[in-house]
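Colleague: I'd like some help reading strands and cysteines in a model. Could you walk me through it?

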Amino acid sequence: MAKSLSNPQIIAHLEKSLNFTIFDVRWIPCSARFVVIGSHPRGTGALQLFELGQKELVCTKAYEKKSSLKCCTFGATSLQERHLACGTFDGRMETYDLERADVPVYTVKAHDEIVNCIDGVGGLGIGIGAPEIVTGSRDGTVKVWDVRQERDPVALMAPADNETKRDCWAVAFGNAYTESERVIASGYDNGDIKLFDLRTMSVRWETNIKNGVCGLQFDRKDIVMNKLVATSLESKFVTFDVRTQHPKDGFASISEKAHKSTIWGVRHLPQNRDIFMTLGGNGSVCLWKYSYPKDRVKVDGDGVEKGVAGTLEQIQNVVLGTQPISAFDWSPDKEGLCVCSGFDQTVRVCIVTKLKSL
């Protein structure tokens with residue numbers, strides 16, 4: 001049920017039905033275009049570019065790849081090159097120049113099984129330090145890549161020999177505020193969340209939220225860690241205040257139920273880090289606002305600082321389709337403009353109004 005008209009509204013502006021399963025969508029930086037990737041019924045990959053026409057979405061370029069494409073990011077490219085990094089079903093990580101995307105600019109056999117998730121940092125002027133890409137796979141490993149180097153990963157996080165391999169469903173970069181500081185959050189099918197510190201090459205923190213982690217995102221990549229949102233199966237998502245870490249209790253958090261179905265992902269508004277959208281398995285999207293407590297830190301009985309979680313408010317809830325909304329991206333240039341896709345093979349461009357009033 002939609003909220004009051006005085007609240008921000010989520011309006012479906014344009015939509016287009018496609019002939020393949022869509023797995024991810026991304027706005028092309030500094031443009032009115034976006035890219036859609038996915039899988040054709042015959043098992044080949046689809047990569048298509050769209051631009052906003054006056055009355056419809058226009059496909060300007062379409063490429064077919066040998067293997068289905070699962071995930072993509074512009075996070076590690078420059079604004080001049082705008083190379084798209086993709087993870088494939090056959091375990092490869094490839095980057096493409098979208099003006100000439102017939103063959104990849106860079107390709108590597110990243111994993112033994114499907115690449116489920118990908119993220120980038122150090123590109124687009126976001127995050128200080130080297131441009132890097134992180135991939136997570138069904139093989140249980142998380143790897144960090146620098147496309148300026150040859151085929152070996154610059155960092156590898158894998159389960160120990162005596163540990164069970166867990167399917168990695170989500171990865172996210174954060175804390176990239178200096179040349180040396182950088183962390184990776186990874187989420188797994190058993191509900192585990194691990195925070196890897198790339199400076200010390202160690203697990204900084206881990207927890208379990210009891211349901212498989214479908215999506216992870218820091219509210220900003222290029223600041224001292226502030227908030228981390230994790231979405232999961234069984235209608236639940238958790239917001240962690242990752243500014244203050246307690247030695248025993250870890251990070252303060254608040255959990256919320258939404259969508260009455262799996263929450264496929266989360267995307268923070270680029271222009272306001274306290275506003276984010278969650279994607280529902282029932283075809284809906286929910287807009288949320290996080291409010292900080294009066295005091296973000298308190299001192300426990302032992303004199304150790306401990307974080308205090310804030311509060312969440314659902315601003316808007318709109319059903320866009322009958323199938324899960326599996327991918328979503330905000331325009332980095334136009335506040336409120338967004339693109340999303342679902343398993344109904346439809347891509348939609350939406351407009352969210354009144355965001356400046358929040």
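**Strands, then sulfurs**

Modeller: Let's start with one residue pair: D192 stands opposite N208 in β17. This is a predicted model, where local features need pLDDT of at least 70 and side-chain atom pairs count only at pLDDT 80 or more, while totals for chains, interfaces and linings use all residues. Residues are numbered from 1 along each chain as its sequence is written, and side-chain values use heavy atoms, with hydrogens and water left out.

Colleague: Which strand pairs with β17 in the antiparallel sense over six bridges?

Modeller: In general, strands of a sheet pair through backbone hydrogen bonds, either parallel or antiparallel. Strands are DSSP runs of E, at least two residues, numbered from the N terminus, and two of them pair if DSSP finds at least two bridges between them. Here β16, residues 192–197, pairs with β17 over six bridges, in the antiparallel sense.

Colleague: What is the strand order in the open sheet?

Modeller: The order is β14-β15-β16-β17, four strands with antiparallel pairing. At the edges sit β14 (168–174) and β17 (202–208), each pairing on one side only.

Colleague: And how many disulfides are there?

Modeller: A disulfide is a pair of cysteine sulfur atoms within 2.5 Å. By that rule the count is zero. C30 is in none, as the nearest cysteine sulfur, that of C72, is 17 Å away.

Colleague: Why is there no bond between C340 and C350?

Modeller: Because their sulfurs are 4.4 Å apart, too far for a bond, although C350 has the closest cysteine sulfur to that of C340.

Colleague: Is C340 buried or exposed?

Modeller: Buried means under 20% relative accessible area, exposed over 50%, partly exposed in between, with a 1.4 Å probe and protein chains only. C340 is buried at 0%, whereas C30 is exposed at 52%.
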